[in-house]
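Colleague: I am new to this structure and would be grateful for a close look at one part of it. Please describe the site of the ligand, and set it in the context of the spaces within the protein.

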Amino acid sequence: MKKLCLLGLFASLAFQPVLAATAPDPLKTKEAFINHLMKQMTLDEKIGQLRLISIGPEMTHEQIRDEIAAGHIGGTFNSVTRAENRPMQDAAMQRSRLKIPMFFAYDVIHGHRTIFPISLALASSWDMSAIALSARTAASEAAADGIDMTYGPMVDIARDPRWGRTSEGFGEDTYLVSRIAKVMVKGYQGDNVAAPDSLMAAVKHFALYGGVEGGRDYNTVDMSPTRMYQDYLPPYRAAIDAGAGGVMVALNSINGVPATSNTWLMQDLLRKDWGFKGVTISDHGAIHELIKHGVARDDRDAARLAIKAGIDMSMNDQVYGKELPGLLKSGEVAQADIDNAVREVLGTKYDLGLFKDPYRRIGKAADDPADTYADNRLHRQAAREVARTSMVLLENRNQTLPLKKQGTIALVGPLADAPIDMMGSWSAAGRPEQSITLLEGLKNAVGDQAKVLYAKGANVTNNKDAIEFLNRIIFDREEVHIDQRPPEQMIAEAVKAAEQADVVIAAVGEARGMSHESASRTTLALPETQKALLKALKATGKPLVLVLMNGRPLSLVQEQQQADAMLETWFAGTEGGNAIADVLFGDYNPSGKLPVSFPRSVGQIPVYYNHLTIGRPFTPGQPGNYTSQYFDEETGPLYSFGYGLSYTDFSLSDVSLSSATLKRGGRVEARVTVTNTGKVAGATVVQLYVHDVVASMARPIKELKNFEKVTLQPGEAKVVTFSLSEDDLKFYNPQLKYAAEPGEFQVQIGLDSQNVKQQSFTLL
Ligand code: NOJ
């Protein structure tokens, strides 16, 4: 009873930040606050804080509230309105013994109510302010729905596009993804993570999830330490250095040891080397899955391994609650193991400002939006602006694009009028009825200036297994609507529309579920239905514009030949249709660049641009014996990293360096002039790559080290200057020593990764 009163006093102090100036308040610092609270807690209450549950059919709302009141739950996810979260917070604040607030999490990945383009598309913008805007807007919308934490950003480097979660990350390049990781964290968390419109970022999936074998989700990752440190770990580190409050742990194993039981990963690397101070969260059911991984005999063993490794919260399994008391009793787990985890959970709530005001994001019932889904809660303008910057023009023969708002336009394809797909995966708080399809976007753009004829032309696929997978397994609802008409009839209808038109736009690609968690593919080709449609459209002889909607690089060798123009739009979000129309009609000049290489075929994987130097490299245009190549396919990607066209032309001067040598501690500046030599204003991305010519180990043929997106009027020129220091030249050697080695470095600057101007300097 006495303890309770103390906490009551403490809680009231916490609500009154202004304290007497004379005596320092012992509870004012985070540490003192948490220590004081921990002293009040029973073991049961402590273990309760480590439990993170998904709001779903497993428990009724009443059961959940009772469990919260009993102190058995620390946080929840998957409830997305203030009205849903308030009763749970009430249960904690009014009915639980210690009145420790709950936190509410959600997968806010690329928008919340307003859906922004998928993460891979955001990366294609290379526009840090657009990406920041998407994260900030998402945070403010989610916080306004009573959410405190996002399971994002997802910064797994992805170099195998068979992996369905490629769509959810920012591509293949360490430097680009690291820059974005930082921007996303700052966007979500704002200047102050405790602010009512901020979300705490839990960066994921720590670590190396993108390296799963064969692109098969949840698979094993076997990776050399140098590759790990050099290529795959830096984005997580960048997010943590930017202040991410949480880390979600990956489902995969790393060189045989599951991340969830990996003491080296969770303690030596994350806590000791990187100094991470926040909360670690297992992925869904991952602690229990240690049994299936074959490293734990049973739940007891799994709980022991996970808590010892440093997994603070257990997501959606009961393993900690069930097993930790016994493990503590037997001495297999120390009180300190549990206390350390509890301290991080309480620290998270403290940082989120929840002890000061548990309702700071939930607000008062009287202020709840009358309609959670009201259109005026959306940020359509921001979504449209960001979506436009994310599109990549892959082909544009004979200046097919931009189109004129006149004549007759045939719009065909299974994705032309597909509101759910437009949102991409991980967009569950979005509403398909609020997303603008391409058909709507085109009509909005042309008004009565042009006629738009629409025909679906093909189902996204007619493969029964794939449809079953998308509709029953991935989403458990009729996501992919299959038109039952014979394929020939659908194609004939599209051809008829095409024949009446001046230009044909074909919206083709993937259903959004094809690029999602657990949606790995063995082919990157368009499904047969769509290929047949394109063949028939091509035969009409009408100019053919492909608008691609997909969440991973596709193999498009045939389509590249067929199309007069090809625009990669990914899954563009709520305002996708309007944004695509802006680009198609030249109301916005495309400026996106690929954040991933597009292979010619699935057999070429991996084709990432920055592979290590080898002894027998292939020389483009000179196939020869005994060089590294495939004899049955052209070597190299179809579209390389950093590639993307514009409606204008840019020229790049030679590179000039401020010095031919670089002293340790000094800097060398690399300068180019970029000029808009075309007739319209446009933006491009000037990209700086570096190659270490001779080192103690093979080094990448080039590595992105900086970039700048520049907007230029016709005829305008701009000098772009990049400054390089020793830090930009460092790498992890096989002993994992991070240092720059003396010698020659090539500086390559281009508007994509392949066509570059080059100069060299020497690091002394
Ligand atoms: C499993 C996914 O791997 C993870 O990314 C996600 O955050 C959780 N489920 C919660 O939805």
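Modeller: On a 1 Å grid over the protein atoms alone, a cavity is a set of points where a 1.4 Å probe fits but cannot get out, and a pocket is an open set with protein on both sides within 12 Å along at least five of seven lines; lining residues have an atom within 4 Å of a point. The model is predicted, so local features need pLDDT of at least 70 and side-chain atom pairs pLDDT 80 or more, while totals for chains, interfaces and linings use all residues. Residues are numbered from 1 along each chain as its sequence is written, and side-chain values use heavy atoms, without hydrogens or water.

The ligand is found in the second largest pocket (more than half of its atoms lie within 2 Å of the grid points). That pocket holds about 920 Å³ of space (points joined across faces, edges and corners, filled by probe spheres). Its lining consists of 30 residues, and those closest to the centre are Asn-78, Asp-107, Trp-426, Ala-428 and His-516. Strand E5 (200-206), helix H17 (419-423) and helix H19 (464-474) each give two or more residues to this lining; helices (at least four residues) and strands (at least two) are DSSP runs numbered from the N terminus. By class, the lining of the second largest pocket has 14 nonpolar, eight polar and eight charged residues. Here Ala, Val, Leu, Ile, Met, Phe, Trp, Tyr, Cys and Pro count as nonpolar, Asp, Glu, Lys and Arg as charged, and the others, Gly among them, as polar.

The ligand itself is surrounded by Phe-77, Asp-107, Tyr-151, Arg-165, Lys-204, His-205, Met-248, Leu-251, Asp-283, His-284 and Glu-517 (a heavy atom within 4 Å). This shell divides into four nonpolar, two polar and five charged residues. Polar contacts (N or O atoms within 3.5 Å) reach oxygen atoms of the ligand from several side chains. Asp-107 places a polar side-chain atom 2.5 Å from a ligand oxygen. For Arg-165 the corresponding distance is 2.7 Å, and for His-205 the distance is 2.6 Å. The protein covers 94% of the 290 Å² of accessible area that the ligand has on its own (Shrake-Rupley, 1.4 Å probe).

The strand E5 that contributes to the ligand pocket leads to an unusual feature of the backbone. Most residues other than glycine have a negative phi, and most peptide bonds are trans. Phe-206 and Ala-207, however, are joined by a cis peptide bond with omega of about 5°, and Ala-207 belongs to the loop between E5 and helix H9 (225-232). Another cis bond links Leu-401 to Pro-402, where omega is about -5°; Pro-402 lies in the loop between strand E11 (392-396) and strand E12 (408-412). The loop between E11 and E12 also holds Gln-399, which has a positive phi of about 50° although it is not a glycine.

The other spaces provide the context. The largest pocket has a volume of about 1,100 Å³. Its lining has 31 residues, with His-611, Phe-618, Thr-635, Gly-636 and Ile-701 nearest the centre. Strand E26 (743-750) and strand E27 (756-763) are the elements that give two or more residues to that lining, which divides into 13 nonpolar, 15 polar and three charged residues.

As for closed spaces, there are three cavities of 30 Å³ or more. About 50 Å³ lies in the largest cavity, and among its lining residues are Ala-158, Arg-159, Asp-160, Pro-161, Val-596 and Tyr-608. The lining of the largest cavity has six nonpolar, two polar and three charged residues.

Conventions. A polar contact is a pair of N or O atoms within 3.5 Å; within protein, one must be able to donate a hydrogen and the other to accept it, and residues adjacent in sequence count only if both atoms are side-chain atoms.
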